[in-house]
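Trainee: I should like to learn how to read the packing of strands and helices. May we work through an example together?
Mentor: Certainly; let us begin with the display below.

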Amino acid sequence: TSSITMRAVALVLALIAGASAFAPVRQSSWVSTRAPARQAVSMMAKKSVADLSPAELKGKKVLVRCDLNVPLDGKTITDDTRIRASVPTLKYLLDAGAKVAACSHLGRPKDGPEEKFSLAPCAERMSEYIGSEVKLAPDCVGDETKAMVDGMDDGQLIILENTRFYKEETKNEPGFVEKLADPFDLFVNDAFGTAHRAHASTEGVTKYLSPSVSGFLLAKELEFLDGAISDGDKPLAAIVGGSKVSSKITVLEALIKKCDKVIIGGGMVFTFLAARGIATGSSLVEEDFIETAKAAEKLAEENNCELILPKDIVVADKFAADANTQVVDQDKIPDGWMGLDNGPAATEEIKAALADCKTVVWNGPMGVFEFEAFAAGTFDVAKCLAEITKTGACTIIGGGDSVAAVEKAGLADQMSHISTGGGASLELLEGKVLPGVAALDEA
């Protein structure tokens, strides 16, 4: 139905990268013996916070796993999107009279507490959005934190200090899990970005707190993804960018099997061109994955999936904003020149391919959009998606640089869904189960 369609897909991959997607890089080691994918479950069959009535929440002490991992310049938040995205779930709980403690990680502390990774700036910013003071607990576990939780009024919010100040968080260590869960009555996971990790604050606490349910943000991400990939309106297309075939091949294979069309952009274009025997100048090519690219093309043929590579390419004589540039056909890249964006003919072909699509997932810019000379391919695709959204297509933008590109183009509000996910969306696309989701109560 159309309602299912518009709640369709969602986050998708999280491949891509902007400038780094095209810069020639040293090949990293890549282990081909990946663990087998966990069997998929229905991600929509989980209980959400909307299933809990105010009567069930009033006076209850609720632990909420948010994603407050915001970018900081010193102690100044440079982008508070993740904080804002957490507000609806927190407000719902507060309005119902719950006593709420939000927990999150921030950055990657190496060995215990580090002032630069404190959640203090998040508590200050959250206060502005909640409309009342949000205190920061000195720790995420321990007697002082428990006393703060026990002393909260109904409808009050505090934020616990960075969970990753403890190594036990990422190890999901049972003793730490028990201490983290101890002050609380129930658990809400609203952090899609870390749902693919079986950490203490995402998966461990569900063993001690019941009910354990999803928040509105997590539920929306799952609803879109499960709806579109499994039951979205066809034709279904994916636009995949990224620097390396090696890191994207699993998700590419999964998409080729599910989509009617897969459009490839970014640095990995040139490994595919090399696989076709085309000279690529000094563009980024992973020699070890030429056979892999050939196999992906064969898989597309077998699955009746149209695999689209750019017809023409904007090439440069160096990786720089002020490089000399020219537009060439895909099979005429000069020696010593590197491809850094799609050319105008490639953009027109992509527009034509997307014109009849009902569901489109995009993750990865078409070029180095940070440099103006190589931004047109990306921004023109963003405009195309905005147009087809107006005529009823469901458009989903994956995490990372795809989101940054759409926002820079001023078109974020014209897409059906902007995902907060990174690795989590990648793993869902690959058919894996997210531990932080699997651990929640069944609907």
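Trainee: Which residue in β16 does Val 360 stand opposite?
Mentor: Please bear in mind that this is a predicted model. In it, Val 360 has Thr 395 of β16 opposite. The strands concerned are β15 (residues 359-363) and β16 (residues 394-397), which pair in the parallel sense over four bridges.

Trainee: What is the order of the strands in the open sheet?
Mentor: Six strands make up this open sheet, in the order β11-β10-β9-β15-β16-β17, and their pairing is parallel. β11 (306-308) and β17 (417-418) are at the edges and have a single partner strand each, so one side of each lacks a neighbour in the sheet.

Trainee: Which strands does helix α13 touch?
Mentor: Helix α13 (residues 376-390) packs on the sheet and touches β9 (236-240), β15 and β16. The direction of α13 makes about 155° with that of β15.

Trainee: How should one describe two packed helices?
Mentor: One gives the angle between their axes and the distance between the axes. Here, helix α3 (residues 81-95) packs with helix α4 (residues 120-130) at an angle of about 60°, and their axes are 10 Å apart. The two helices, α3 and α4, are therefore oblique to each other. The crossing in which α3 passes α4 is right-handed.

Trainee: Which residues in α3 and α4 meet?
Mentor: From α3, the residues include Ile 83, Val 87, Leu 90 and Leu 94; among those they meet in α4 are Cys 122, Met 126 and Tyr 129. The residues of this contact between α3 and α4 comprise eight nonpolar, one polar and three charged.

Note on methods. Residues are numbered from 1 along each chain as its sequence is written. This is a predicted model: local features need pLDDT of at least 70, side-chain atom pairs count only at pLDDT 80 or more; totals for chains, interfaces and linings use all residues. Side-chain values use heavy atoms; hydrogens and water are left out. Axes are lines fitted to C-alpha atoms, for helices over the stretch in contact, and angles run from 0 to 180 degrees between N-to-C directions. Angles under 35 degrees count as roughly parallel, over 145 as roughly antiparallel, 65 to 115 as roughly perpendicular and the rest as oblique. A crossing is left-handed if the near helix is turned anticlockwise from the far one by less than a right angle, and right-handed if clockwise. Contact means heavy atoms within 4.5 Å. Ala, Val, Leu, Ile, Met, Phe, Trp, Tyr, Cys and Pro count as nonpolar, Asp, Glu, Lys and Arg as charged, and the others, Gly among them, as polar. Two strands pair if DSSP finds at least two bridges between them.
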